[in-house]
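Visitor: I have a structure open on my screen and would like to learn how to read it. Could you take me through it step by step?

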Amino acid sequence: MNNRIEVYNVSKSYVSKNGVENKVLNSVNFVIKHSEFVSIVGPSGCGKTTLLKIISGLLPPDSGTVVIDGDSPEISQSKKHIGYMFQDPALIPWRTVYDNIRLPTEVNKAITDEHYRTIEELISLVGLNGFEYHYPYQLSGGMRQRVSLARALSINPKVLLMDEPFGSLDEITRETMHYELLELLDKTKPTVLFVTHNSTEAVLLSDRVFVMPKSAAGAMKIVNVNLGRTRSEKMESSVLFNQLVNQVRSSYKCVKT
Amino acid sequence: MREDLINRAKQSLYWIGPPVVVFALVFALWEISVRVSEIEPYLLPPPSRIIIEVVTNISEYCLNTLVTMGEAIGGFILGAAVAIIGATVMYQSRFLERGLLPLAILIKVTPIIAIAPLFVIWFGFGLLPKLLIAAIITFFPVLVNCLAGMRATSSDITDLLKSLNASKFEIMIKASFPNSYPYLLSSFKIAIPLAVIGAVVAEWFSGDRGLGSMIIRANNNLDMPQLFGAVFMLALMGILLTTLVLYIEKKLLFWHDSQKVENDIG
């Protein structure tokens with residue numbers, strides 16, 4: 001029970017249609033500790049989503065290994081240890097909120113865990129009481145993303161992979177979602193890998209921020225966010241917070257060139 | 001309660017009003033031009049003659065309509081069932097898709113008018129050749145649409161299910177197959193009138209019941225009012241069946257963009 005995400009020497013390249021090999025990940029290494037929140041920041045096309053897909057076992061790396069809580073991604077999949085959340089809520093439109101959240105527990109039934117949260121509990125955790133029997137088309141963008149979050153948490157995942165989950169939300173909704181997420185994670189404590197291209201968001205949420213290089217040849221920079229685990233809106237205007245955001249931004253710019 | 005009733009009446013009028021007006025105008029124009037130009041009724045009867053013909057022989061028309069409708073619906077169900085099974089098989093692998101698609105296209109491009117007499121020789125004068133012709137004509141649009149609908153499933157949803165080690169079968173049942181419903185219903189709208197045409201064409205070559213046989217008989221006797229009467233009944237059947245599909249679509253696809261009118265607060 002260490003819930004760690006370990007990535008060793010992972011490389012991946014794509015061959016484009018005209019035969020040019022395009023390296024997106026070059027020997028990536030890192031270890032994310034138990035219950036740690038790590039954000040990966042980087043420009044579009046730098047391989048953030050590819051990295052998440054490799055960690056979740058959806059995509060095989062060309063070389064290197066990934067270890068999740070001591071298991072390979074494939075075994076973690078079969079044990080249902082991985083929670084996944086996308087930029088698009090990706091809800092099933094013909095299912096109600098309740099049935100959407102229940103979806104992960106309905107498949108791969110060989111694995112059922114008595115530690116699963118009840119759907120009712122998840123609904124109240126994400127603040128959707130009264131919307132159980134609504135359909136996705138009846139919800140606002142922020143509510144849909146809350147359903148998506150509850151769905152990811154329904155299997156009580158050891159690791160939670162989030163691919164720009166708030167990227168398509170408006171500023172106001174996104175800000176409230178940040179604090180809701182932190183509060184939720186405080187209760188569920190999975191290890192989180194969060195992909196974003198918003199430096200402020202990364203600093204606000206994370207214990208550490210990894211800045212990905214624009215091209216695979218560059219090195220990944222790590223910014224430690226020494227703000228303690230409890231974050232508040234007051235903190236967002238503090239000098240230290242802004243220094244950290246600037247630090248992420250400058251390493252972003254520095255690796256970009 | 002009373003207001004609800006009034007609203008409903010308003011709603012029905014909203015849908016039924018425009019087509020009623022259009023049809024009334026077309027029929028009026030038809031009636032007037034036939035009478036003014038004095039075209040012989042054995043060439044083009046006025047709508048009033050056709051309506052009188054249908055009303056006086058209503059039981060015969062209804063019986064034949066039911067026969068043809070039964071053949072069309074039976075053939076449609078058979079063809080759609082085989083097409084859906086075919087699509088789920090082809091969905092399993094690109095190899096099977098590549099292998100089976102040419103066969104499906106072959107069935108599609110074979111003119112039914114050419115194989116209908118052949119089917120009479122093979123399967124006799126009974127119900128079977130009519131069902132098969134209607135099924136064949138239904139098959140292709142349903143197959144292609146069902147497959148396209150399953151393939152159009154959001155890759156995020158399939159990725160999510162894969163990350164939970166869901167089986168291929170689970171992914172199909174939970175995501176891909178329901179995702180094809182809007183496509184399926186669209187193909188039904190195309191296939192239902194085609195199945196009616198199939199049944200009618202099959203009747204031309206065999207049997208003495210159904211609207212198709214009635215058309216052939218009327219044609220041989222130069223009985224234009226009867227010929228047009230049968231065509232009217234076919235048109236009515238087409239409207240009825242298409243409306244039925246539209247109704248099912250509305251109930252089943254309440255979640256789909258195509259059915260969205262209000263309720264959207266997103």
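**Two helices in contact**

Guide: Gladly! Let us start with a helix pair in chain B. From H3(B), the residues Val67(B), Thr68(B), Glu71(B), Ala72(B), Phe76(B), Ala80(B) and Ile84(B) touch H9(B), where their partners are Leu184(B), Phe188(B), Ala191(B), Ile192(B), Ala195(B), Val196(B), Ala199(B), Val200(B) and Glu203(B). In the contact of H3(B) with H9(B), 13 residues are nonpolar, one is polar and two are charged. Please keep in mind that this is a predicted model.

Visitor: At what angle do the axes of H3(B) and H9(B) cross?

Guide: For a helix pair, look at the distance between the axes and then at the angle. Helix H3 of chain B covers residues 58-92 and helix H9 of chain B covers residues 181-205; their axes come within 8 Å and cross at roughly 130°. H3(B) and H9(B) are therefore oblique to each other. The crossing of H3(B) past H9(B) is right-handed.

Visitor: Which residues make the contact between H8(B) and H9(B)?

Guide: Begin with the geometry again. Helix H8 of chain B, residues 168-179, has an axis that comes within 5 Å of that of H9(B), and the two cross at roughly 35°. Phe177(B), Pro178(B) and Asn179(B) are the H8(B) side of the contact, while Tyr181(B), Pro182(B) and Tyr183(B) are the H9(B) side. Five residues of this contact are nonpolar, one is polar and none is charged.

Visitor: How many helices and strands does chain B have?

Guide: Chain B has 11 helices and zero strands. Its pattern along the sequence is accordingly written α-α-α-α-α-α-α-α-α-α-α. For its extent, picture a box along the principal axes: the C-alpha atoms of chain B fill roughly 75 × 60 × 30 Å.

Visitor: Now the empty spaces. How many cavities of 30 Å³ or more are found in the whole structure?

Guide: With an enclosed space, ask about its volume and then its lining. The search of the whole structure finds one cavity of 30 Å³ or more. The largest cavity holds about 30 Å³ of space. Its lining consists of Ile82(A), Gly83(A), Tyr84(A), Pro104(A), Arg151(A), Ala152(A), Ile155(A), Leu160(B) and Leu164(B). Strand S5 (82-85) and helix H5 (141-153), both of chain A, are the elements that give two or more residues to this lining. S5(A) gives the most, with three residues. By class, seven lining residues of the largest cavity are nonpolar, one is polar and one is charged.

Visitor: And what is the volume of the second largest pocket?

Guide: The second largest pocket has about 500 Å³. Its lining has 20 residues, and Leu91(A), Pro93(A), Pro136(A), Trp255(B) and Asp257(B) are those nearest its centre. The lining of this pocket divides into 12 nonpolar, four polar and four charged residues.

Visitor: Let us finish with a single residue. Where is Leu59(A) placed?

Guide: For one residue, find its element and then its contacts. Leu59(A) sits in the chain A loop between helix H1 (48-56) and strand S4 (63-68). Setting aside neighbours within four places in sequence, Leu59(A) is in contact with Lys12(A), Tyr14(A), Thr50(A), Lys53(A) and Ile54(A). From Leu59(A) to Pro73(A) there are 14 residues in sequence and 9.9 Å in space, C-alpha to C-alpha.

Note on methods. Residues are numbered from 1 along each chain as its sequence is written. Chains are lettered from A and ligands numbered from 1 in the order in which they are written. This is a predicted model: local features need pLDDT of at least 70, side-chain atom pairs count only at pLDDT 80 or more; totals for chains, interfaces and linings use all residues. Side-chain values use heavy atoms; hydrogens and water are left out. On a 1 Å grid over the protein atoms alone, a cavity is a set of points where a 1.4 Å probe fits but cannot get out, and a pocket is an open set with protein on both sides within 12 Å along at least five of seven lines; lining residues have an atom within 4 Å of a point. Grid points are joined across faces, edges and corners, and a volume is the space filled by probe spheres set on the points. Ala, Val, Leu, Ile, Met, Phe, Trp, Tyr, Cys and Pro count as nonpolar, Asp, Glu, Lys and Arg as charged, and the others, Gly among them, as polar. Helices (H or I, at least four residues) and strands (E, at least two) are DSSP runs, numbered from the N terminus. Axes are lines fitted to C-alpha atoms, for helices over the stretch in contact, and angles run from 0 to 180 degrees between N-to-C directions. Angles under 35 degrees count as roughly parallel, over 145 as roughly antiparallel, 65 to 115 as roughly perpendicular and the rest as oblique. A crossing is left-handed if the near helix is turned anticlockwise from the far one by less than a right angle, and right-handed if clockwise. Contact means heavy atoms within 4.5 Å.
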